[in-house]
Amino acid sequence: MRNSITRIVFLFTGVLGTTLLLALTPPAAASHPSDTPQAQNPPAHTPWRLAYYEGGPHGNYHDYLEATIQGLMALGWIEQAELPSSEADARTLWDWLAQNAKSQYLTFLSDAYYSADWEQQSREKIRTDIIERMNRRKDIDLVFAMGTWAGQDLANNRHHTPVFVLSASDPIQSGIIKSAEDSGYDHVFARVSPQRYEKQLRVFHEAVGFKRLGVAYENSVDGRAYAALENIEKVAEENRFKVVSCYTLSDIPDNSKAVESVLSCIDKLAPEVDALYITMQGGVNEHSIPKIVKIANKHKLPTFSQLGSEEVKYGVLMSMSRPDFESVGDYLASCLGQVINGASPRALKQLFEEKTNISLNLKTAEVIGIYLRADWLAAADEIYREIQVPD
């Protein structure tokens with residue numbers, strides 16, 4: 001499958017280039033503590049005892065955790081070692097770290113991996129348990145809070161243990177932090193990329209010129225945040241296109257029901273719209289994407305993946321490439337290193353927008369009969385020439 005993708009050097013400098021290039025934000029101001037271990041000024045206490053909390057399994061959580069660990073190794077906080085296969089999940093990686101990571105500065109607590117498995121009742125119990133543990137036992141020094149649920153549960157003043165919120169779609173809109181500039185809590189840090197989804201919608205509209213955009217999402221506070229609905233509506237108003245919504249199920253234990261709800265919505269939306277924005281949610285995954293693509297292609301509908309190029313590989317027409325996890329991981333590791341050396345999580349710069357580029361699937365373009373201009377092809381970082389089938 002390696003030959004199915006072409007990489008093109010991006011030299012385009014016109015209006016489209018301005019639209020697609022994002023700034024790389026420095027991870028920390030020069031006045032902050034060092035992000036590496038300091039022999040002359042060691043941390044106040046070591047090792048730092050780390051915990052992990054997620055609302056439920058998600059592929060991005062593993063990727064963010066792995067990238068952060070690689071960044072910590074590069075900075076010298078953990079001895080260099082080969083991590084488990086990238087196909088592993090976050091739990092497998094955490095278990096490996098608890099047993100094998102060698103560090104005089106950090107320890108990954110084997111009994112401090114928490115997952116609510118997308119069950120509300122379990123979520124409520126874990127939230128209570130982990131906060132009580134931080135306040136009473138005081139054996140956790142920092143928590144990786146993966147995703148919106150975990151961020152919402154720990155970004156509060158019910159405790160004062162440092163929390164790093166990672167992989168939350170929109171930590172501002174979902175109420176985790178006050179703003180991109182200020183988390184609102186001395187012990188809370190959340191990485192934000194506020195322009196990413198607006199740029200996606202502008203790029204998609206410029207390329208396709210749709211009048212009615214179909215969007216399927218869970219009609220809840222979290223579901224609207226995952227889908228970046230506020231961004232969609234803002235771009236729709238600016239560009240005078242209509243958003244046609246359909247409501248799904250997302251964060252539920254039975255993923256098959258979430259998938260069924262998404263496919264039902266795509267079926268409903270397809271005859272009513274002239275483009276689809278495929279949002280991140282529980283029912284959109286490698287098992288459902290081929291079915292979504294089949295419906296969209298049958299109706300000759302251009303599609304855009306909110307997640308990234310992984311879904312373009314499976315037949316979605318276009319997307320921004322997936323996050324550059326290496327650069328994000330280096331940034332997050334640098335922030336964590338500064339906290340270990342005495343920085344307040346609230347004082348860290350939360351805004352980090354990695355460089356992203358366009359992904360296109362030319363086979364899908366051919367199937368739906370859409371013409372992609374030469375400047376779009378020139379601007380693309382990833383071009384897929386066939387629709388791959390997930391393993």
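Visitor: What makes some side chains here count as positive and others as negative, and how many of each does the chain have?
Guide: Lys and Arg count as positive, Asp and Glu as negative. In this predicted model, that gives 38 positive and 50 negative side chains. The centres of the two sets lie 4 Å apart.

Visitor: How do you know that Cys246 and Cys265 form a disulfide?
Guide: The cut-off for a pair of cysteine sulfur atoms is within 2.5 Å. The sulfur atoms of Cys246 and Cys265 are 2.0 Å apart, so the pair fits the definition. A search of the whole structure turns up 1 disulfide.

Visitor: What does the disulfide tie together?
Guide: Cys246 sits in strand β8 (residues 242-247) and Cys265 in helix α9 (residues 255-269), so parts 19 residues apart in sequence are joined.

Visitor: Why is the disulfide called left-handed?
Guide: Look at the torsion about the S-S bond: for Cys246 and Cys265 it's about -80°, and that makes the disulfide left-handed.

Visitor: Are these cysteines buried or exposed?
Guide: Buried means under 20% relative accessible area. Cys246 has 9%, so it's buried, and Cys265, at 2%, counts as buried too. Cys335 is another buried cysteine, with 0% relative accessibility.

Visitor: How many helices and strands does the chain have, and why is it called as compact as a globular protein of that length?
Guide: There are 14 helices and 13 strands. The radius of gyration is 21 Å, and the globule rule gives 21 Å for 391 residues, so the chain is as compact as a globular protein of that length.

Technical notes
Residues are numbered from 1 along each chain as its sequence is written. This is a predicted model: local features need pLDDT of at least 70, side-chain atom pairs count only at pLDDT 80 or more; totals for chains, interfaces and linings use all residues. Side-chain values use heavy atoms; hydrogens and water are left out. Helices (H or I, at least four residues) and strands (E, at least two) are DSSP runs, numbered from the N terminus. Buried means under 20% relative accessible area, exposed over 50%, partly exposed in between (1.4 Å probe, protein chains only). The radius of gyration is taken over C-alpha atoms; the globule rule is 2.2 Å times the number of residues to the power 0.38. The place of a charge is taken as NZ of Lys, CZ of Arg, CG of Asp or CD of Glu.
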